[in-house]
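Dear colleague,

I am passing on the structure below, followed by an account of what was found in it. Please read the account with the coordinates open.

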Amino acid sequence: MRPLARRRLGKAALNTAGVLVFLVAIFPVYWMVSTAFKANDQIFTTDFIPFPTHFTFEHITRVLTEGVAEHSIWLYMRNSAIVALGTVVIGAVFALLSATAVARFRFKGRTAFLALLLVAQMIPAEALVIPLFLGVKRLGLYDQLLGLIVTQVALTLPFGIWMLRTFVAAVPKSLEEAAWIDGASRFTTFWKVLFPLVAPGLVATSIFSFITAWNELIMALYLISDPTKYTMPVALQYFFGQKGTDWGAIMASSTMMTIPVVIFFLVVQRRMVSGLVAGAVKG
């Protein structure tokens with residue numbers, strides 16, 4: 001086989017594998033959305049029905065009008081948005097400052113600190129429920145959304161610091177030194193030189209933090225007892241009852257729950273691209 005034909009065959013094989021991986025990854029999302037628009041007789045059947053033959057808004061309308069656990073679904077969406085956005089903002093500030101300190105300064109215990117970040121990522125969230133619960137109780141933040149935000153920041157911060165450290169370390173120190181020579185202060189150098197170059201990494205960590213906080217269930221179950229402060233993942237548990245599981249309502253609510261994540265990603269990805277362009281120009 002000629003080299004050109006071999007390369008084309010290899011490229012075709014990679015493209016085919018990529019398409020298969022995409023189909024496998026997207027199928028659960030497709031099945032969730034399609035089920036949200038299926039009638040009950042199509043949901044509770046042993047036949048494989050890939051498309052809803054009787055398109056209906058019954059489940060979405062019922063979720064919007066009847067709500068969940070005697071409260072409007074928009075209340076739970078608002079609570080989830082507060083927790084997710086609060087986690088993103090607070091976590092981004094602490095992660096960026098910590099990553100800058102670790103990447104730019106040499107201090108005693110720096111290696112041990114980096115090792116602890118990796119160890120923290122290896123510990124499952126279930127093992128941290130009790131200590132985090134006790135910590136939130138002592139801070140007086142039990143049954144408050146702020147307590148859940150603090151918990152989510154603690155869980156996502158190690159990943160954010162470790163990831164942003166790579167971006168900060170990749171920025172040449174000569175750029176900062178040139179700004180100092182031109183008379184820029186450390187804050188000006190950080191804001192106008194370093195920050196635009198690490199913005200893509202900040203966006204990536206923000207996406208991770210938002211999705212993690214938006215989908216959080218375990219901590220929300222243990223730290224929130226007031227039904228008016230439940231987040232969407234907790235509210236969805238009410239569709240699993242003793243008389244059966246309301247799959248239509250679950251899929252409809254899950255579809256609605258996915259929309260803010262998609263919107264957030266579409267908004268911040270533009271910032272990621274602009275940050276990459278700015279980094280290329282300034283670098």
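**Charges, fold and cores**

The chain carries 23 positive and 13 negative side chains, and the centres of these two sets lie 19 Å apart, with Lys and Arg counted as positive, Asp and Glu as negative, and His and the chain ends left out; each charge is placed at NZ of Lys, CZ of Arg, CG of Asp or CD of Glu.

This is a predicted model, in which local features need pLDDT of at least 70 and side-chain atom pairs count only at pLDDT 80 or more, while totals for chains, interfaces and linings use all residues. Residues are numbered from 1 along each chain as its sequence is written, and side-chain values use heavy atoms, without hydrogens or water.

Twelve helices and two strands are found in the chain, taken as DSSP runs (H or I, at least four residues, for helices; E, at least two, for strands) and numbered from the N terminus.

In the largest nonpolar core (buried Ala, Val, Leu, Ile, Met, Phe, Trp, Tyr and Cys joined through side-chain atoms within 4.5 Å, where buried means under 20% relative accessible area with a 1.4 Å probe, protein chains only) there are 44 residues, of which Val 63, Leu 148, Phe 210, Trp 214, Met 232 and Phe 239 touch the most other members. Helix H12 (residues 247-282) supplies the largest share of this core, nine residues. Because domain 1 (9-56) and domain 2 (76-276) both contribute residues, the core lies between them, the bounds coming from an automatic or database domain assignment.

Best regards

Notes
Buried means under 20% relative accessible area, exposed over 50%, partly exposed in between (1.4 Å probe, protein chains only).
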